[in-house]
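Take a moment to look over the sequence and the 3D view before reading on. We will start with a single residue and work outwards from there.

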Amino acid sequence: MQRSESRDEDFTAFVLARSARLVHIARMLCGDAALAEDLVQTALEKAYLRWDRIELGDPFGYVRQAVVNQHLSWVRRRPWRERPSGHAAELDQSLGSYVVDPGVAVDRKLAIAGALRVLTRRERAVVVLRYFEDLTEVQTAATLGVAVGTVKSANSRALLKLRAAPELSGSYVGDQS
């Protein structure tokens with residue numbers, strides 16, 4: 001009985017510490033706040049069932065991969081015409097800002113959200129994992145279950161699209177470049 005209580009406490013501590021970051025990743029992947037929470041919830045449900053094995057390794061990496069897999073499964077199941085209902089401002093309120101002016105930060109977040117929407121699901125996943133989660137190409141490939149070359153080519157295509165995105169072509173107050 002005590003083993004089960006310890007397991008529950010460990011899992012609860014993990015969820016409290018990491019769920020916000022997992023929702024952040026899911027929101028950047030899918031662009032919809034409610035769907036992001038659903039993806040994370042499903043991934044956490046599956047992780048709980050395997051928690052004894054997961055917690056010995058890299059629990060965050062495992063659950064992050066489960067969130068990405070849930071997102072990819074959702075993309076495959078949905079009708080092609082269906083779009084997430086989330087507004088660009090909802091994509092993520094914590095995309096990060098290096099400026100002091102809140103108005104500029106909001107403009108930057110909206111621009112990033114708009115630019116991410118033009119990417120394919122694989123390109124978006126690669127960009128989110130590589131640049132927002134700071135994973136290496138090898139780690140990104142392992143998380144997505146693809147070859148490193150696939151990550152490199154998807155990243156290259158995504159960066160070309162992002163460089164050409166009109167949303168990101170303007171300069172922002174506070175930019176250092």
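## Starting with Arg121

Is Arg121 buried or exposed, or does it fall in between? The model you are looking at is a predicted one, so keep that in mind as we go through the answer. Arg121 turns out to be partly exposed, because its relative accessible area is 36%. You can find Arg121 in helix α6.

Arg121 also has company. Together with Lys46, Arg50, Arg53, Arg76, Arg77 and Arg122, Arg121 forms a positive patch on the surface. Which helices each supply at least two residues of that patch? They are α4, covering residues 59–77, and α6, covering 121–132.

## The whole chain

Now zoom out. The protein chain has 8 helices and 0 strands, so if you read the elements from the N terminus on, you get α-α-α-α-α-α-α-α. The chain counts 177 residues, and 41% of them are buried.

How much do distant stretches of sequence touch? Taking the contacts with a separation of 6 or more, 66% are between residues that sit 24 or more positions apart. As for the outside, the chain has an accessible surface of about 10300 Å², and carbon and sulfur atoms own 52% of that.

## Salt bridges

There are 5 salt bridges in the count. One of them joins the side chains of Arg21 and Glu133, with an N to O distance of 2.5 Å. Arg21 belongs to helix α1 while Glu133 sits in the loop between α6 and α7, so this pair ties together parts that are 112 residues apart in sequence. The two partners have their own surroundings: Arg21 is partly exposed at 30% relative accessibility, and Glu133 is buried at 11%.

Glu133 has another partner too. A salt bridge links Glu133 to Arg64, and here the closest N and O atoms are 3.3 Å apart. This one again connects distant parts of the chain, since Arg64 is in helix α4 and Glu133 is in the loop between α6 and α7, 69 residues apart. Both Glu133 and Arg64 are buried. Put the pieces together and you have a network of salt bridges linking Arg21, Arg64 and Glu133.

Here is one more pair to look for. Glu123 and Lys161 form a salt bridge whose closest N and O atoms are 2.8 Å apart. Glu123 is in helix α6 and Lys161 is in helix α8 (residues 148–164), so the pair ties together parts that are 38 residues apart in sequence. Glu123 is buried at 2% relative accessibility, whereas Lys161 is partly exposed at 31%.

## Around the loop between α6 and α7

Stay in that loop for a moment, because Asp134 lies there as well, just ahead of α7 (137–144). What is unusual about the backbone of Asp134? Asp134 has a positive phi of about 60 degrees, although Asp134 is not a glycine. For comparison, most residues other than glycine have a negative phi. Asp134 counts as exposed, because its relative accessibility is 65%.

Next comes Glu137, which has its place in helix α7. Glu137 counts as partly exposed, at 26% relative accessibility. Which residues does Glu137 contact, once you set aside the neighbours within four places in sequence? They are Arg130, Val148, Val151 and Lys152. You can also check a backbone distance here: the C-alpha atoms of Glu137 and Val126 are 8.7 Å apart, and the two residues are 11 residues apart along the chain.

## Two more helix residues

Try Gln70 in helix α4. Is Gln70 buried or exposed? Gln70 is buried, because its relative accessibility of 12% is under the 20% cut-off. Leaving out residues up to four places away in sequence, Gln70 touches Leu39, Thr42, Ala43 and Lys46. Lys46 is a name you have already met, as part of the positive patch.

Finally, find Arg18 in helix α1, which covers residues 2–30. Arg18 is partly exposed, with a relative accessible area of 34%. How far is Arg18 from Val63, going by their C-alpha atoms? The separation is 9.6 Å, for two residues that are 45 residues apart along the chain.

Key:
Residues numbered from 1 in each chain as written. Predicted model: local features only at pLDDT ≥ 70, side-chain atom pairs only at ≥ 80, totals over all residues. Heavy atoms only, no water. Patch = residues over 30% accessible without salt bridge, like charges linked within 9 Å, V, L, I, M, F, W, Y side chains within 5 Å. Areas by Shrake-Rupley, 256 points an atom, 1.4 Å probe, with all protein chains shown as cover. Salt bridge = Lys/Arg side-chain N within 4 Å of Asp/Glu carboxyl O. Lys, Arg positive; Asp, Glu negative; His and termini not counted. Charge placed at Lys NZ, Arg CZ, Asp CG, Glu CD. Helix = DSSP H or I, 4+ residues; strand = E, 2+ residues; numbered from the N terminus. Buried < 20%, exposed > 50% of the residue type's maximum accessible area, 1.4 Å probe, protein only. Contact = heavy atoms within 4.5 Å.
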